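Hi,

Here is the structure I promised to pass on. Have a look at it first, and my notes follow underneath.

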There are 2 protein chains.
Amino acid sequence: MRSQVPSYRQLADRIAEAIAAGEYGPDDPIPSLRTLQQETGLAMATVQHAISVLRTEGLVYSVSGRGTFVRPPG
Amino acid sequence: MRSQVPSYRQLADRIAEAIAAGEYGPDDPIPSLRTLQQETGLAMATVQHAISVLRTEGLVYSVSGRGTFVRPPG
DNA sequence: ATGCATTTGTTCGTATGTATG
DNA sequence: GCATACATACGAACAAATGCA
């Protein structure tokens, strides 16, 4: 059953909108991968894929062992 | 075809058997995560995963900073 | 009592292998 | 073959409890 929009894209868009709406401020942490995993029911690597998209778009940055944060405008 | 038994499952089973065999009595501590890590050569989070399985199954309980203990029969 | 190092469990992001359409 | 998605496994940072100087 070919789904219209891939899960990782839906999740990336949802987070991007939350950031745009100011739900998370500059350098604020977004929910952890595990939290997102439990919220969405997706697999770890799929959630990571979504974050990876946001990182490529310059919206967030990640620090291993710490978390993923909103990239402040530079 | 992925029909190998995962490392975390093997470890969980091994500990479950030790408990069933009476090697660790009620409220006795099982080996620490670091000890298990060194014994098995696995990563921290993988050992943690094994313990997490045992906790879900109600076999053990964990206390941060103290250890993981055998859950007495209710 | 205070401070600090050590030990223990917890949570973080990341990488790899595999299956499916 | 490629994109999508899953389970597994990894290394590092975090946080709570303990003991000792």
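Let me start at the DNA: a backbone N or O atom of Ser7(B) lies 2.7 Å from a phosphate oxygen of DNA strand D, a polar contact (a pair of N or O atoms within 3.5 Å). In chain A, a backbone N or O atom of Ser7(A) is likewise 2.7 Å from a phosphate oxygen of that strand, and a side-chain N or O atom of Thr46(A) is 2.9 Å from one.

A word on conventions: this is a predicted model, where local features need pLDDT of at least 70 and side-chain atom pairs pLDDT 80 or more, while totals for chains, interfaces and linings use all residues. Residues are numbered from 1 along each chain, chains are lettered from A and ligands numbered from 1 as written, and side-chain values use heavy atoms, without hydrogens and water.

Around DNA strand D there are 23 residues (a heavy atom within 4 Å). Of the strand's atoms within 4 Å of the protein, 76% belong to sugar or phosphate.

Now to helix 3 of chain B, residues 44-56 (helices are DSSP runs of H or I, at least four residues, numbered from the N terminus). Its residues Val47(B), Ala50(B), Ile51(B), Val53(B) and Leu54(B) are buried (under 20% relative accessible area, 1.4 Å probe, protein chains only; exposed is over 50%). They share one side of helix 3 because they cover an arc of only 150° around the axis (from the directions to the C-beta atoms). The face turned away carries the exposed Ala45(B) and Thr56(B).

Best wishes

Note on methods:
Helices (H or I, at least four residues) and strands (E, at least two) are DSSP runs, numbered from the N terminus. The expected span of a helix is 1.5 Å times one less than its number of residues. A polar contact is a pair of N or O atoms within 3.5 Å; within protein, one must be able to donate a hydrogen and the other to accept it, and residues adjacent in sequence count only if both atoms are side-chain atoms.
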